[in-house]
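Work through the exercises below with the model open. Each task is followed by a solution in steps.

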Amino acid sequence: MPEEKVVVNIGPGKDIEISTGKIAKLANGSCTLRLGDTTVLVAACSGAAKPGQDFFPLQVDYREKYSAAGRFPGGYIKREGRPSDKEILICRMTDRPLRPLFPEGFFDEVQISGLLLSADGENEGDVLSILGASVALCLSDLPFLGPIGALRVGYIDGQFVANPTYSEMEKSSLELIYAGLPDKVIMIEGDAKELPESVLVAAMEFANEIVKKQVEAQLDLMKRAGRPKKTPDLHLVPAEITAGMVEIAGEKLEAACTVPGKEDRIKALEELKALIVEGLRPKYEAEMGEENFTNTINMGFDKLVQKTIRTAILEKGFRPDGRGVEDIRPLTAEVGVLPVVHGTGLFTRGETQALVIATLGGPGDAQESDSIYNTDATRKFYLHYNFPNYSVGEVGRISGPGRREIGHGNLAERSLAQVIPADFPYTVRCVSEIMSSNGSTSMASVCGGTLALMDAGVPIKAPVAGISCGLVTGDNGKELILTDIIGAEDHYGDMDFKVCGTDEGITGFQLDLKLPGVSIDLMARAMEQNKRARSRILGVIRECLPGPRPQLSPNAPQMEKMKINPDKIGALIGTGGKNIKEITESTKSEVNIEDDGTVTILARNKTVLDEVKRKIESYTAEAEIGKIYRGLVKTVRDFGAFVEILPGQDGLLHISEMANYRVKDVSDICKEGDYVTVKVIDIDRTGKIRLSRKAALEDLDKEEAKK
């Protein structure tokens, strides 16, 4: 197949070139995308469904190799290893808009692989990966219901910019990652600097027009280079088994689906499913086989519960836990929960609870960048999210953070980062420990994080709250937006739309859909409903703690910045780091020195901080005319003595300035190794210092006389 290309213009001087047929020809579908000098390869492959499989195993992988930027990996092993957090986040963003666009019952294995081939340092590869996944699937023989478009939107000086460069993003007050069909949103994610909902809606409308161009280009490329689509093998529950389940369950199904408590509801549904299994086993198990029968019943029962819950919500307005459409579960907020730590926030919303701990540190505690683009970048605020098995009352494998933990933590982190002052000198780490989970633990982490930051005394600009809205749609076009969805409404509903913000505006957002797109108008209505809920949550947070505490936590380390002459940096560090090592080890403190002479001190308390400052000043102080010093005699000559008044700074004490009488021999006044009190009487243009013991003694006598 010859190489085929299309070009999509997304803005002035910004063209995306999409090509296929040159590399990765054995994949089901593959393409390369180029924006500027950034190039991404995306390939799609498939395999048959495994026996007994009852879900769609879509796997997305994206990697950024250092070779793409013409660099070597750091460290001893010169080979990339496990994916970085950034790569994992891009995988998640690529997965979410693709998953709803495969037919129900399609369980073949599908793998999407994205690889950054060339990085120009200005144009990101993440949105090219999402767009490339759509292109690769459209060109393949897989039953993908796309194409979709994808781009990043910035907001600079009141204007929207498509796929802004790194330089442009530094000036942007919005980062919106958008994926969708023409006139339909499938996925959004990003953050904003307290922007109103209207700006985000306008940004989506701007993105939609570019998506239309991207979709049109993909359809053109499909006609020229696409493979014929194969008829998929769909794994659906036979209608007769569904009918048998309905007959056995009867009215018990709706009653079980609407039990208020999560544990009680799960127990009631499990008992009902066991009843169905026993009723249908004699007729179907021998014919279907035990494993196939079990999988079919599980799939059918899940679909039945889904339909029952959705019908109850749409037709009766009856949510599983008995709330109204816009009702929020009971809220509680506490601070100061734990001793020793710098700040804590315990936020509870119904059966969802997050305990967030804030820790303050120095510049050395900042998180280094894991991106190949900007290795010098560091994050002074970061949030880690943990989801232990006990939070859902289960046992399971205990391991490090997975993709879900990294994704939820990132959303909470970027939502809170917008309110931390840029000039706040501390590095801040928040750790969200999920104590119990029944829907929107990432949003509970945002609320608990706000409480923990304020409890620690971090001067955030305003409290941030987050809440999720869900969606249930019917065959007749009816749709209902739900505030504060629980786990069952997330699992059986159509949408999980999380929005965080202050009273002033939005700081973070993320959309996860099971539908093949929703209208921008629906998104606008959901944001307004979310705003009303956030306002109520912010009220609860303020009742607990009106604002940041006026002082940092007494358990937090003390930090102070001081300026020294850059020429004195060497004197402070000392030969082989001797001086700085002595300061840090003797005081158990952290001292960071920048090239411009800025010294940042991190000490465990105020007393230690003052001691560190005194030591630093002893190495970096400048001699001052008229100031009296206690100096060490380093060298004696016939005409006088050289006295070290400050580390590395000597001055001449001439024999004529040693006393108020004529001194015949220098040794009559001082010898090498003696300490003498002297006054600086002159510093010439070359920096040579003249000292006087006579003037120092006269000044001290005058001071004594005054007493």
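**Exercise 1. Cavity linings**

Task: Classify the residues that line the largest cavity as nonpolar, polar or charged.

Solution.
- Step 1. The model is predicted. Start with the split: the lining has 3 nonpolar, 2 polar and 3 charged residues.
- Step 2. Put names to the lining: Leu35, Asn123, Glu124, Asp126, Val127, Arg152, Asn163 and Pro164.
- Step 3. Sort them. Leu, Val and Pro count as nonpolar, while Asp, Glu and Arg count as charged. Asn falls among the others, so Asn123 and Asn163 are polar.
- Step 4. Add the volume. The largest cavity holds about 50 Å³ of space.

Task: How many cavities of 30 Å³ or more does a search of the whole structure find, and which helix gives the most to the lining of the second largest?

Solution.
- Step 1. The search finds 2 such cavities. The second largest has about 30 Å³ of space.
- Step 2. Its lining consists of Leu89, Arg92, Met93, Arg96, Glu189, Gly407 and Gln510.
- Step 3. Check these numbers against helix α1, residues 85–98. This helix contributes 4 residues, the most of any element.
- Step 4. By class, the lining has 2 nonpolar, 2 polar and 3 charged residues.

**Exercise 2. Salt bridges across the sequence**

Task: For the pairs Lys303–Glu104, Glu197–Arg534 and Arg542–Asp503, find the N to O distance and the parts of the chain that are linked.

Solution.
- Step 1. Recall the principle. Side chains of opposite charge can pair when their charged atoms come close.
- Step 2. Apply the cut-off of 4 Å between nitrogen and carboxyl oxygen. In the Lys303–Glu104 salt bridge, the closest N and O atoms are 3.3 Å apart.
- Step 3. Locate the two ends. Lys303 sits in helix α8 (residues 290–316) and Glu104 in the loop between α1 and β6, so the pair ties together parts 199 residues apart in sequence. Lys303 is partly exposed, at 39% relative accessible area.
- Step 4. Take the second pair. Glu197 and Arg534 form a salt bridge at 3.1 Å, N to O. Glu197 belongs to helix α4 (residues 197–225) and Arg534 to helix α12 (residues 520–544), 337 residues apart. Both residues are buried.
- Step 5. Take the third pair. Arg542 and Asp503 meet at 2.6 Å, N to O. Arg542 is in helix α12, and Asp503 is in the loop between β20 and β21, 39 residues apart. Arg542 has a relative accessible area of 31% and Asp503 one of 44%. Both values lie between 20% and 50%, so both residues are partly exposed.

Task: Which residues are linked in a network of salt bridges?

Solution.
- Step 1. Begin with the total: 46 salt bridges in the whole structure.
- Step 2. The network links Arg96, Asp126, Arg152, Glu175, Glu189, Asp191 and Arg414.
- Step 3. Compare with the cavities. Asp126 and Arg152 also line the largest cavity. Arg96 and Glu189 also line the second largest.

**Exercise 3. Two leucines**

Task: Is Leu195 buried or exposed, and where is Leu700 found?

Solution.
- Step 1. Leu195 is in strand β10, residues 184–195. Its relative accessibility is 13%, so Leu195 counts as buried.
- Step 2. Leu700 is in helix α16, residues 693–706. Leu700 is partly exposed, at 39%.
- Step 3. Leu700 joins Ile628 and Leu697 in a nonpolar surface patch. Together they have about 200 Å² of accessible area.

Definitions and conventions:
Residues numbered from 1 in each chain as written. Predicted model: local features only at pLDDT ≥ 70, side-chain atom pairs only at ≥ 80, totals over all residues. Heavy atoms only, no water. Patch = residues over 30% accessible without salt bridge, like charges linked within 9 Å, V, L, I, M, F, W, Y side chains within 5 Å. Areas by Shrake-Rupley, 256 points an atom, 1.4 Å probe, with all protein chains shown as cover. Salt bridge = Lys/Arg side-chain N within 4 Å of Asp/Glu carboxyl O. Buried < 20%, exposed > 50% of the residue type's maximum accessible area, 1.4 Å probe, protein only. 1 Å grid on protein atoms, 1.4 Å probe; cavity = no way out; pocket = protein on both sides within 12 Å on 5 of 7 lines; lining within 4 Å. Points joined across faces, edges and corners; volume = space filled by probe spheres on them.
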